[in-house]
Amino acid sequence: MRRAGLICALWLALWLAQAGAEPLTLCYHYGCDRSSTIDLPADALIWMAGRLRQADNAGAERAALQDVVLAFYQIAAQTLPLAEDRGGNQEDARLLGRMDCIDHTHNLHQLLALLQSLHLLRYHQPAADAFRAPWLFNEHHAATVQDIDTGDVWVVDGWFRDFGAPPVVVPLALWKEGFSP
């Protein structure tokens, strides 16, 4: 079985290397005010595929997704000013690379759709974006994935933390209650 997995991983690596870079549209500057297309290089996709292949259950895949999202933003920050982003919306209001929850949701949705199209997610599938508004003026959005076996929905939320930190991954019900790390 290990040999079959290795052959599959090698085939995927060759396929991704031939495919070249994968373009994605990212947005930033609050409310997707600015957007730009970045290319995820083949070597990054190979690394992401390898990291996700290490997961042997849904919990491990969610942990791998945190690493993949972190790598995704680090690659994007090589050409976009995203490294200036700070958790929440209070500390980066004047910075060019700032991102609010709408920006993060869009960007993570793009990445999750790509991962699904490449068949790299084995235990989850992208789900509808999450929304909460505990008070009329305090709405929040986030990307989600659904566990294929249990149907449980998990929020993947990069908005809470400064650039360079992995996103928060929590059950949707907990997030809807107003979760904040």
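User: In what order do the elements of the protein run from the N terminus on?
Analyst: This is a predicted model, in which local features need pLDDT of at least 70, side-chain atom pairs count only at pLDDT 80 or more, and totals for chains, interfaces and linings use all residues. Residues are numbered from 1 along each chain as its sequence is written, while side-chain values use heavy atoms, with hydrogens and water left out. Helices (H or I, at least four residues) and strands (E, at least two) are DSSP runs numbered from the N terminus, and the protein has 5 helices and 6 strands. From the N terminus on, these elements run α-β-β-α-α-α-β-β-β-β-α.

User: What does the twist average from one strand to the next in the open sheet?
Analyst: Two strands count as paired if DSSP finds at least two bridges between them. The open sheet has 4 antiparallel strands in the order 3-4-5-6. Its edge strands, which pair on one side only, are strand 3 (124-132) and strand 6 (168-171). From one strand to the next, the twist averages 30°.

User: Which residue of strand 4 stands opposite Arg132?
Analyst: Strand 3 and strand 4 (residues 140-147) are joined by 7 bridges in the antiparallel sense. Within this pairing, the residue of strand 4 opposite Arg132 is His140.

User: At about what angle to strand 4 does helix 4 run?
Analyst: Axes are lines fitted to C-alpha atoms, for helices over the stretch in contact (heavy atoms within 4.5 Å); angles run from 0 to 180 degrees between N-to-C directions. Helix 4 (residues 101-117) lies across strand 3, strand 4 and strand 5 (153-157). Its angle to strand 4 is about 20°.

User: With the side chain of which residue does the side chain of His140 make a polar contact?
Analyst: His140 is buried, since its relative accessibility is 4% (buried is under 20% relative accessible area, exposed over 50%, partly exposed in between, with a 1.4 Å probe and protein chains only). Beyond its neighbours within four places in sequence, His140 touches several residues, including Cys101, Trp159, Phe160 and Trp175. A polar contact is a pair of N or O atoms within 3.5 Å; within protein, one must be able to donate a hydrogen and the other to accept it, and residues adjacent in sequence count only if both atoms are side-chain atoms. At 2.7 Å, the side-chain partner of His140 is Asp157.

User: Which residues do ring pairs link into a cluster?
Analyst: Rings of Phe, Tyr and Trp (its six-membered ring) pair if their centres lie within 6.5 Å, and planes under 30 degrees apart are stacked, over 60 edge-to-face and the rest tilted; the whole structure holds 3 aromatic pairs. Trp159 and Phe160 form one edge-to-face pair, 5.4 Å centre to centre with 65° between the planes. Phe160 and Phe179 are also edge-to-face, because their planes stand at 90°, with centres 6.0 Å apart. The cluster linked by ring pairs is Trp159, Phe160 and Phe179.

User: Is Phe179 buried, partly exposed or exposed?
Analyst: Its partner Phe160 is buried, with a relative accessible area of 14%. The relative accessibility of Phe179 is 21%, so this residue counts as partly exposed.

User: Over the ring of which residue does the charged end of Arg132 sit?
Analyst: A charge sits over a ring if NZ of Lys or CZ of Arg is within 6 Å of the ring centre and within 35 degrees of the ring normal. The charged end of Arg132 is 4.5 Å from the ring centre of Trp175.
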